[in-house]
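Dear colleague,

I am passing on to you the structure we talked about, and I would be glad if you could look through it alongside the notes that follow. The notes begin with one term, then take the chain as a whole, and then turn to single places in it.

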Amino acid sequence: MRAAPADLVITGCTVLVHDEDERIGFRPDAAIVVRDRVIESVTTAAEVRDLPAAERIEAHGQVAMPGLINCHTHAPMAVLRGLAEDLPIEEWFNDVVWPVESNLTADDVEWGARLACAEMIRGGVTCFADHYFHMDKVAAVVAESGLRAHLGEAYFSSQGPEGLERSAEFALRHRGGADGRITTALAPHAPYTVTDPDLAATAELARAHGLPVHLHAAENRDQTDASLARHGLTPIEVLDRTGLLDTDLLIAHGTGIIERDLPLLARTGGRTAVATAPRGYLRFAWPATTPVRALRTAGVPVGLATDGAASNNSLDVWESMTLTALIQKATEGDPRWLTSRQALHHATLQSARAVGLGGSVGSLAPGRRADLILVDLTGPHTQPVHDLAATLVHSARASDVRTTVVDGRILMRDRELLTLDLPAVVSELGARLPALTDRSHGRRIQEYDI
């Protein structure tokens, strides 16, 4: 009896694959068969020529690769893009961002999340890790858009015990949501805004409920120096003292991680990862970047991220990949590091591990969830192709993504968004901006005082 049609067949493309040693390779004239939201096979185009399928994509001249993962962002902050420019981080937070964020309603967050999800789908992002407020609204947009997401309700100790309670309640209620596409985390903001007792309580809740934790820590060297002066401990040592290094922990930024932190990170009791978002570090003129090489030597996965569009101006993970590769060369003084293939590894498997999804996404192989993108390399800026990995990392752009698929569902096909109405989102946000950006009230949700 003939097998039922596949849900999706993509044929004629070159497929980015990982071998048994996780090295990046490419299979030309290949095909991907998707059934029941999972990759059934990666085979040759000839093998699927007569295979019946509900949907079929002819992808000649395109590269199929795992969808990109934005390992740390604040999606609703897309509404603040370009609002706070050319400022040091203290003024950026205290004079603009935190006063404006005090205006944000749940509906503002929902529309901002729609804008961000549209941008990420168009840029080939299939999963994002978000850390913000009113996260019920973000979870609803994830379900609507078809994306995969790792979500946490952020809190400060200044909110009182209700902050941690809301974070835990959100994580437990939404875990496994959107047909399993949502995973959740507890989300204390940072060691400089959350007290040691609250960090310890977070660690206890994480262990009790099997939840990971997502927070900012050692964002820059000034934070590390201030923590040493105040506590005699680095921010990473604070995480260790409060038990958070014994949880599954995603640390945002880590440009202030220093040598004495590395042994602690190498022997954590949980799964620890760091997300790097290099564009923001350049923008704020921070003197250091995430120590990717040292972290990899310590066995700590480093995923790629954009942070929010208020500090990054885009949610372009392609740019994060390019900048990570280039800045690491400059920082290490070694043009052989980070190679294009290493950068692609960070963008795929390492990013998947960073958000706790290393067993299900991050590579295109049988049994993996069908989260993938098709990248068109026929443009003049990507021709000729002498080294395909280098072309993807250093020549391709977010706008070269033609098709985005999550869990076997096509969210964008030939650059057309299929799950979100972008013109309606832009129109609605335009009407909301005057009230949203008002700072005359003098309020702010927090003080940046490390």
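Two residues are said here to be in contact when they have heavy atoms within 4.5 Å. Please keep in mind throughout that this is a predicted model.

With that meaning of contact, Thr73 is a good place to begin, since, leaving aside its neighbours within four places in sequence, Thr73 is in contact with Phe128, Ala129, Asp130, His131, Thr306, Asp307, Gly308 and Leu315. Thr73 belongs to strand β6, which covers residues 68-73, and because its relative accessibility is 0%, Thr73 counts as buried. One of these contacts can be described further, for the side chain of Thr73 reaches the backbone oxygen of Asp307 at a distance of 2.7 Å.

Turning to the chain as a whole, you will find 16 helices and 17 strands in it. Its radius of gyration is 21 Å, close to the 22 Å that the globule rule gives for 450 residues, so the protein chain is as compact as a globular protein of that length. Along the principal axes, the C-alpha trace spans about 65 × 50 × 45 Å, and 59% of the 450 residues count as buried. When contacts between residues at least 6 apart in sequence are considered, 73% of them join residues at least 24 apart.

As for the surface and the charges, the accessible surface of the protein chain comes to about 16,900 Å², and 49% of this belongs to carbon and sulfur atoms. The chain carries 42 positive and 59 negative side chains, with the centres of the two sets lying 4 Å apart.

Strand β2, which runs over residues 24-35, holds Ile32 and also Arg35. Is Ile32 buried or exposed? Ile32 counts as buried, because its relative accessibility is 0%. Not counting residues up to four places away in sequence, Ile32 touches Leu8, Val9, Ile10, Val15, Ile39, Ser41, Val42, Ala64, Leu364 and Leu372. The C-alpha atoms of Ile32 and Ala45, which are 13 residues apart along the chain, are separated by 8.5 Å. Arg35, with the same exclusion of residues up to four places away, touches Ala4, Pro5, Ala6, Asp7 and Glu40, and its side chain reaches the backbone oxygen of Ala4 at 2.7 Å.

Strand β2 comes up again when one looks at helix α15, which takes in residues 388-395 and in which Leu388, Ala389, Thr391, Leu392 and Val393 are buried. The buried residues of α15 pack against β2 and also against β1 (6-18), β5 (62-66), α13 (317-332), α14 (340-354) and β14 (372-376). In considering which positions of a helix face together, it may help to recall that an α-helix has 3.6 residues a turn, so residues three or four places apart point the same way. At the start of α15, a side-chain oxygen of Asp387 comes to within 3.1 Å of the backbone nitrogen of Ala389.

Lastly, Asp438 lies in the segment after α16 (422-436). Asp438 counts as partly exposed, because its relative accessibility is 32%, and partly exposed here covers the range between under 20% for buried and over 50% for exposed. Asp438 and Glu101 are 337 residues apart in sequence, and their C-alpha atoms are 9.9 Å apart in space.

With best regards

Key: Residues numbered from 1 in each chain as written. Predicted model: local features only at pLDDT ≥ 70, side-chain atom pairs only at ≥ 80, totals over all residues. Heavy atoms only, no water. Helix = DSSP H or I, 4+ residues; strand = E, 2+ residues; numbered from the N terminus. Rg over C-alpha atoms; globule rule 2.2 N^0.38 Å. Buried < 20%, exposed > 50% of the residue type's maximum accessible area, 1.4 Å probe, protein only. Areas by Shrake-Rupley, 256 points an atom, 1.4 Å probe, with all protein chains shown as cover. Lys, Arg positive; Asp, Glu negative; His and termini not counted. Charge placed at Lys NZ, Arg CZ, Asp CG, Glu CD. Polar contact = N/O pair within 3.5 Å; in protein donor to acceptor, adjacent residues only side chain to side chain.
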